Amino acid sequence: MPSGTVHRLVYMSTAVGVLRAEELDRIYFRAKAANAQASITGLMLLYEGAFLQVLEGPVAGVSSLLERIRRDRRHANITVLEAGPAEERLFPGAPMRFIAARNLSPGEKQAFSDLRQAVGARPYMPGSPAPGADNGLGAFLAAFNPLRAV
Ligand SMILES: Cc1cc2nc3c(=O)[nH]c(=O)nc-3n(C[C@H](O)[C@H](O)[C@H](O)COP(=O)(O)O)c2cc1C
């Protein structure tokens with residue numbers, strides 16, 4: 001990965017309808033290819049109809065990707081939990097790691113549900129303070145072992 005300031009963006013959103021496995025595959029494979037081109041790495045979780053995605057990379061690439069993702073009708077209620085410069089990538093090494101619900105431990109499922117509740121359905125507001133800063137997001141993300149993700 002080229003050096004330079006890393007920008008980290010974390011959001012949660014709600015899947016619209018029931019996403020079929022092939023649709024999810026399409027999103028995932030597309031993300032892997034496009035993110036690799038843009039030096040973006042990250043993590044994607046899907047549990048009980050909610051997405052949590054971490055995008056890390058150059059600020060311009062992350063911002064334009066967020067705009068694309070925001071227009072995607074396969075999800076809604078996009079709420080940015082964290083957005084800003086980061087000391088290092090939390091999930092380096094792969095353009096997008098995906099952890100399916102079946103691979104979450106009971107504790108992780110509970111933590112995900114708690115986080116989702118804490119976040120609520122806040123509207124997306126560019127430049128607004130990150131609600132994730134005080135709701136345990138950092139600890140939540142740190143608990144994920146990147147090696148386990150596929
Ligand atoms: C939850 C979710 C996460 C996504 N993550 C990415 C991603 O990390 N990278 C990416 O290129 N596209 C991602 N997409 C797909 C984009 O929203 C978009 O469909 C894709 O980039 C193609 O955009 P385009 O048709 O404007 O070229 C994601 C979609 C969803 C619903």
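1. A residue is counted as near the ligand if one of its heavy atoms lies within 4 Å of it. In this predicted model, the ligand is surrounded by 17 residues, of which N35, Q53, R68, D72 and R74 come nearest.

2. Polar side-chain atoms of three residues may be examined individually. That of N35 lies 2.8 Å from a nitrogen atom of the ligand. For R68, the partner is an oxygen atom of the ligand, at a distance of 2.8 Å. R74 likewise places a polar side-chain atom 3.1 Å from an oxygen atom of the ligand. Taken alone, the ligand exposes 610 Å², and 80% of that area is buried by the protein.

3. As to location, the ligand takes up the space of the largest pocket. Two or more residues of the surrounding shell are supplied by each of the elements α1 (21-37), β3 (50-57) and α2 (59-70). The largest share comes from α1, which gives five residues.

4. The composition of the shell deserves separate mention. Ten of its residues are nonpolar, three are polar and four are charged. N35, R68 and R74, discussed above for their polar side-chain atoms, are among the residues that come nearest to the ligand.

5. Regarding the overall fold, the secondary structure of the protein consists of four helices and five strands. Read from the N terminus, the order of the elements is β-α-β-β-α-β-β-α-α. The protein has 150 residues, and 43% of them count as buried.

Definitions and conventions: Residues are numbered from 1 along each chain as its sequence is written. This is a predicted model: local features need pLDDT of at least 70, side-chain atom pairs count only at pLDDT 80 or more; totals for chains, interfaces and linings use all residues. Side-chain values use heavy atoms; hydrogens and water are left out. A polar contact is a pair of N or O atoms within 3.5 Å; within protein, one must be able to donate a hydrogen and the other to accept it, and residues adjacent in sequence count only if both atoms are side-chain atoms. Accessible areas come from the Shrake-Rupley method with a 1.4 Å probe; for residues, only the protein chains shown count as cover. On a 1 Å grid over the protein atoms alone, a cavity is a set of points where a 1.4 Å probe fits but cannot get out, and a pocket is an open set with protein on both sides within 12 Å along at least five of seven lines; lining residues have an atom within 4 Å of a point. A molecule sits in a cavity or pocket if more than half of its atoms lie within 2 Å of its grid points. Ala, Val, Leu, Ile, Met, Phe, Trp, Tyr, Cys and Pro count as nonpolar, Asp, Glu, Lys and Arg as charged, and the others, Gly among them, as polar. Buried means under 20% relative accessible area, exposed over 50%, partly exposed in between (1.4 Å probe, protein chains only).
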